[in-house]
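Please brief me on this chain. I want the fold, the core, the notable helices and the places where the model should be read with care.

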Amino acid sequence: MDFFSQHWTLAIDWVSAHAVTPVVNTLSIAEAAGDPREIAAGILIALLQLFLIACVMRPLESLLPAERWADRRHTTVDRHYTLLMLLGLFPLFSFLVLMPFAHMLGGGPSTEEASGLKAWFPWFEQHPYVLFAVYYVVYDLTYYWMHRAQHVIPWWWAMHSMHHSQRQMSCWSNDRSNYLDGMLQSFVLASVGLVMGVEPSEFAMLGLLSELVQNFSHANVALRLGWLGQLGERLFVGPRFHRNHHMLRDADRPERHNCNFGQVLPWWDQLFDTALYHDEELRPTGVSDPEVDADNERGLIAMQWYTLKRFWGAFSCRAGWRLGDVSFGPGYRPIHDDDPVEHAPVAQGSRPEVQ
């Protein structure tokens, strides 16, 4: 552990001195960006994540696929999303928006006094690993309820539905999302982190662990968390558990897809009765609302544009604030499942399976 920590610190120092500092000085954004070592750590974390996706998870998809596809055409845009997010948009957003936001609220690396959990319970100062575990549990619980909100608030589903439209879910699919939705999620999670007093480096590690588990849980692999098997699926979210969350709606059991919202820990689904475990054949992934399914034929920019149109169509009308499953009709206005059948197209995932 000391060997890894020492070399990780050396790598951060080298990237900070030879890459980050020259760039932020040239752009005259050093003060806004904050500690260059924090930026360097973020860059190295992104590169590590890409390495694990491309060199570990992707080969597993070829060796042990959950679904066999004639081609991987629909996965290409997800790979573009991942590369753009990890190497461009997320670092910029984190250090040019989230970091100043943290400073404004009294957090960030410039804070010397203990805050959050350390201030409320000084015992945690001497037990950093326990503190990190508590951070993680709260972080994951926050994500669980935020994820449930994404599915039940129509204007939020209008954005999140793009993530669910993928018919060929793979290890690249985690970053397939609308950028406005991503900003909203980041502010929610960052705000909770600031209240808890999480340091930027700790928050980056929280994000890395969560993202890696999500990359794996989206992967097209037929694994039940290795030797842990069914027990493992009750401890951590795995590919089979999360694939149930992405399944097309079963017409005979129309509410079955409202399950498995956990990000890393399935405990919340078990606690709040949204967990689904079964030994049946897995259903295909995707949605059957034709407006949302059309995302599969769109490029990255077009997907963002049409998702925003769906968002505004829902956000600007009363139906977009009424909780429940919806599809999108004329003008991208949401039509609820419990609206009269003669007026409503079939909602998210309830049509026959899209091929």
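The points below go from the whole chain down to single residues.

This is a predicted model. The chain has 14 helices and two strands. Its mean pLDDT is 83, and 82% of the residues reach 70 or more.

**Whole chain**

- The chain has 355 residues, and 48% of them are buried.
- About 17200 Å² is exposed, and 66% of that comes from carbon and sulfur atoms.
- Contacts with a separation of 6 or more are counted here: 70% of them join residues 24 or more positions apart.

**Nonpolar cores**

- In soluble globular proteins, nonpolar side chains tend to be buried together.
- The largest nonpolar core holds 30 residues. Leu-117, Tyr-135, Trp-155, Trp-156, Leu-206 and Phe-328 touch the most other members.
- Two or more residues of this core come from each of α6 (128-152), α7 (154-164), α8 (179-196), α14 (300-315) and β1 (326-328). The top contributor is α6, with eight residues.
- Another core lies apart from that one. This other core has twelve residues, including Met-57, Leu-86, Trp-172 and Val-221.
- Which residues does Leu-117 contact, leaving aside neighbours within four places in sequence? They are Phe-124, Leu-131, Val-134, Tyr-135 and Met-196.

**Helix α7**

- Is α7 enclosed or open? Eleven of its eleven residues are buried, so α7 is largely enclosed by the rest of the structure.
- The buried set includes three tryptophans, Trp-155, Trp-156 and Trp-157. His-160, His-163 and His-164 are also among the buried residues.
- Among the elements of the chain, α7 has the highest mean pLDDT, at 97.
- Ser-161 sits in α7. Its relative accessibility is 0%, so Ser-161 counts as buried.
- Beyond four places in sequence, Ser-161 contacts Val-292 and Arg-310.

**Helix α3**

- Helix α3 covers residues 36-63, 28 residues in total. From first C-alpha to last, α3 reaches 40 Å, close to the 40 Å expected at 1.5 Å a residue.
- A bend of about 30° occurs in α3 at Ile-53. Ile-53 is also one of the buried residues of α3.
- Other buried residues of α3 include Ala-40, Ala-41, Leu-44, Ile-45, Leu-50 and Met-57. Glu-38, Gln-49 and Glu-61 are also among the buried residues.
- An α-helix has 3.6 residues a turn, so residues three or four places apart point the same way.
- Leu-63 is in α3 too. With 63% relative accessibility, above the 50% cut-off, Leu-63 counts as exposed.
- Leu-63 and Ala-222 are 159 residues apart in sequence. Their C-alpha atoms are 9.3 Å apart in space.

**Partly exposed residues that touch distant parts of the sequence**

- Leu-209 lies in helix α9 (residues 200-218). At 35% relative accessibility, Leu-209 counts as partly exposed.
- Leu-209 touches Phe-132 and Tyr-136, with residues up to four places away not counted.
- Leu-209 and Tyr-136 are 73 residues apart along the chain, and 9.4 Å separates their C-alpha atoms.
- Phe-272 is in the loop between α12 (267-271) and α13 (290-293). Its relative accessible area is 32%, so Phe-272 is partly exposed.
- Not counting residues up to four places away, Phe-272 touches Leu-141, Tyr-144, Trp-145 and Arg-148.

**Backbone points**

- Most residues other than glycine have a negative phi, and most peptide bonds are trans.
- Asp-273 has a positive phi, near 60°, and is not a glycine. Asp-273 lies in the loop between α12 and α13. At 71% relative accessibility, Asp-273 counts as exposed.
- Tyr-332 also has a positive phi, about 60°. Tyr-332 lies in the loop between β1 and β2 (334-336).

**Where to be careful**

- Where pLDDT is low, the predicted coordinates should not be read in detail.
- Helix α2 (residues 30-33) has the lowest mean pLDDT among the elements, at 64.
- Over residues 342-346, pLDDT stays under 50. The model has ten contacts beyond four places in sequence for this stretch.
- Over residues 349-355, pLDDT again stays under 50. For residues 349-355 the model has 21 contacts beyond four places in sequence.

Notes
Residues are numbered from 1 along each chain as its sequence is written. This is a predicted model: local features need pLDDT of at least 70, side-chain atom pairs count only at pLDDT 80 or more; totals for chains, interfaces and linings use all residues. Side-chain values use heavy atoms; hydrogens and water are left out. A nonpolar core is a set of buried Ala, Val, Leu, Ile, Met, Phe, Trp, Tyr and Cys residues joined through side-chain atoms within 4.5 Å. Buried means under 20% relative accessible area, exposed over 50%, partly exposed in between (1.4 Å probe, protein chains only). Helices (H or I, at least four residues) and strands (E, at least two) are DSSP runs, numbered from the N terminus. Contact means heavy atoms within 4.5 Å. Accessible areas come from the Shrake-Rupley method with a 1.4 Å probe; for residues, only the protein chains shown count as cover. The expected span of a helix is 1.5 Å times one less than its number of residues. The bend at a residue is the angle between axes fitted to the seven residues ending there and the seven starting there. pLDDT is the predictor's confidence in each residue, from 0 to 100.
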